[in-house]
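I sat down with a new structure today and jotted notes as I went. Here is what I looked up, entry by entry.

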Amino acid sequence: MHKNMKLHKLLAVAVAGLILASCGEDFLTSHTTHQGAAGAEATEGAILSYLTAAYQPLLMDSYANYNYNHILLLSDLRSDDIYKGGGDAGDQSWMYHLSLFQIPASESPTGIWTLYYSAIARANNTVLAIDNAVGFDSDAAKARLAGYRAEALFLRAYYLHHLWKLFGNIPFFTEPLEDPFMAPQKTADQIYADIMADITAAEQAAAAAGDEFPLYTNGTSKQARANLAALYMLKARVVMYQKDNAKYGEVAADMAKIIASQQYSLIGFDALWTGADENDFCRESIFETNQISDGKRDWGNAWAGCGTNLPAYISPNELKDDVFCGGWGFGPVRQSTWDMYEDGDVRREGSINKFEAGTYGPRFQDTGLFQKKYAARTALRSPIGTVDLNYPNNLIIFRYAETLLNYAELVGVEGAAAAQGITAQECMDAVRSRAGLGSIPVNADNIKSERRKEFVGEGMRFWDLIRWGDAATVLTENLVDAQSVRTFNPEKDKYLPIPQSEMSRTQGTGEFELKQNPGY
């Protein structure tokens with residue numbers, strides 16, 4: 001079995017009564033007899049059961065609620081790196097409308113909405129159990145409990161930050177919901193404050209936890225679990241996206257702590273993405289989802305199993321190749337993305353597969369270029385079950401290259417104070433040296449260029465364009481031949497419409513009635 005993982009049953013109750021199959025490290029072991037009612041005294045076994053449930057949604061987005069709502073693809077579809085692709089414009093037409101900034105509320109992605117609100121409920125259950133913990137009397141036990149709290153708060157902030165970026169003005173709740181099981185809507189700025197409150201509380205818990213919530217977990221008994229570096233990286237993404245420059249110095253200092261620790265390092269670029277066991281949880285990975293091709297996920301069972309269908313989704317149709325295998329042809333890479341790389345930049349071939357005509361079946365918006373990082377590989381095809389839904393490719397959420405480029409941007413462009421004796425230039429140089437390139441000055445244009453080249457296919461580009469204020473200029477285009485004619489309206493297109501099903505469900509409920517995002 002891939003990664004020598006054990007399978008476990010999820011025990012925590014979540015929104016909509018979802019019951020999923022869970023997999024993970026030994027800490028994810030089920031504790032059936034320890035599960036208690038919400039608000040009851042909680043043993044360590046019960047807390048671990050709740051924490052297991054809170055991690056599980058990380059593995060579910062690729063087919064959440066029978067929707068292809070991969071968080072990386074949802075982000076990149078609105079960027080200038082890829083097209084929608086697939087069979088034709090009508091194949092998953094909502095994705096085409098999304099890519100053109102023309103998606104109506106009736107097509108807004110409900111799978112990711114349902115999944116992440118379920119995830120928030122699970123994290124809430126975990127925090128509540130920790131608040132009611134019993135049996136943690138020794139100093140060592142108290143440190144463990146603080147570590148569990150840091151993990152749960154990190155997860156809640158992580159799930160919420162995606163909903164915040166996608167939908168902006170959304171409900172949020174921290175206590176179990178009572179009939180009618182709804183929460184009041186908040187503004188995007190209020191949600192930002194909520195995310196930061198969880199991050200701050202998680203940092204406080206981490207300080208109390210010590211080694212129970214360490215900076216580095218890969219290769220240890222806590223592998224696949226959140227760590228302090230992941231918390232710092234989430235904080236950086238949220239603060240930088242909000243453009244909260246009052247916190248830039250603090251975030252730069254966080255990045256410096258990761259760098260100065262020397263526990264993380266850059267590895268060979270192509271080695272990051274092979275999907276092979278030896279490269280999972282490598283020295284560059286700060287936090288990643290722990291997928292497994294157990295064959296349990298099926299067309300009629302979206303909530304089972306721990307594999308992902310993203311590799312099949314982004315790979316060319318009917319491919320004839322010795323290393324890579326065919327898929328559905330979504331998310332073809334634009335020619336301009338291939339062309340942006342300098343000669344000798346290993347990230348081009350490390351990020352993009354270029355297949356010759358006749359080796360695959362061309363589909364809608366075909367360019368001959370396809371995403372490589374999470375591409376379907378023959379060696380990783382599941383021997384059991386529905387192959388396309390069960391690839392074992394771990395998805396890297398945070399990696400060390402982002403740490404370096406965050407620091408370079410904050411210190412070298414935004415003017416945050418340098419920390420730990422680290423310079424912005426050495427961070428930029430490290431990323432470019434790994435790519436096989438020489439030094440260039442740290443400035444806004446070069447930082448923007450390096451981030452785009454580094455993170456193709458990792459769901460970063462669209463959000464970077466938003467926070468830099470470049471989206472309207474870069475994303476408005478009239479590519480008639482590529483069937484990508486679109487205009488980006490900053491007042492409307494920063495957010496997706498709240499799903500119509502949620503609008504209808506809350507209509508007439510007074511304080512719980514949702515107000516649609518502007519322009520929809």
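**Helix H7.** I started with how covered H7 is: 14 of its 15 residues are buried. Keep in mind that I'm reading a predicted model.

Next I checked the length of H7, which runs over residues 228–242. At 1.5 Å a residue its 15 residues should span 21 Å, and the end C-alpha atoms are 21 Å apart, so the two agree.

Then I looked at both ends. At the start of H7, Asn-227 has a side-chain oxygen within 3.2 Å of the backbone nitrogen of Ala-229. Just after H7 comes Lys-243, with a positive phi of about 55 degrees.

**Second largest pocket.** Lys-243 turned up again here. I found Lys-243 listed with Tyr-241, Ile-466, Arg-467 and Lys-494 as the residues nearest the centre of this pocket. The pocket holds about 240 Å³ of space, and 15 residues line it.

Which helices each supply at least two residues of that lining? I noted H7, helix H6 (188–209), helix H15 (461–468) and helix H16 (471–475). Sorted by class, the lining has nine nonpolar, two polar and four charged residues.

**Cavities.** I moved on to closed spaces. The count comes to nine cavities of 30 Å³ or more. The largest cavity has a volume of about 250 Å³.

I wanted to know what surrounds the largest cavity. Its lining is made of 24 residues, and Ile-71, Leu-72, Tyr-158, Ile-396 and Ile-397 lie nearest the centre. Helix H2 (71–76), helix H5 (139–167) and strand E6 (396–399) each give the lining at least two residues. By class, I wrote down 14 nonpolar, four polar and six charged residues for the lining of the largest cavity.

**Cysteines.** Last entry: how many disulfides are there? The count is zero, with a disulfide taken as two cysteine sulfur atoms within 2.5 Å. Cys-282 is in no disulfide, and the nearest cysteine sulfur, that of Cys-427, is 18 Å away. Looking from the other side, Cys-427 is in no disulfide either, and the nearest cysteine sulfur to Cys-427 is that of Cys-282, 18 Å away.

Are these cysteines buried or exposed? Cys-282 has 8% relative accessibility, so I put it down as buried, the cut-off being under 20%. Cys-427 is at 2% relative accessibility and therefore counts as buried.

How values were computed: Residues are numbered from 1 along each chain as its sequence is written. This is a predicted model: local features need pLDDT of at least 70, side-chain atom pairs count only at pLDDT 80 or more; totals for chains, interfaces and linings use all residues. Side-chain values use heavy atoms; hydrogens and water are left out. Helices (H or I, at least four residues) and strands (E, at least two) are DSSP runs, numbered from the N terminus. The expected span of a helix is 1.5 Å times one less than its number of residues. Buried means under 20% relative accessible area, exposed over 50%, partly exposed in between (1.4 Å probe, protein chains only). A polar contact is a pair of N or O atoms within 3.5 Å; within protein, one must be able to donate a hydrogen and the other to accept it, and residues adjacent in sequence count only if both atoms are side-chain atoms. On a 1 Å grid over the protein atoms alone, a cavity is a set of points where a 1.4 Å probe fits but cannot get out, and a pocket is an open set with protein on both sides within 12 Å along at least five of seven lines; lining residues have an atom within 4 Å of a point. Grid points are joined across faces, edges and corners, and a volume is the space filled by probe spheres set on the points. Ala, Val, Leu, Ile, Met, Phe, Trp, Tyr, Cys and Pro count as nonpolar, Asp, Glu, Lys and Arg as charged, and the others, Gly among them, as polar.
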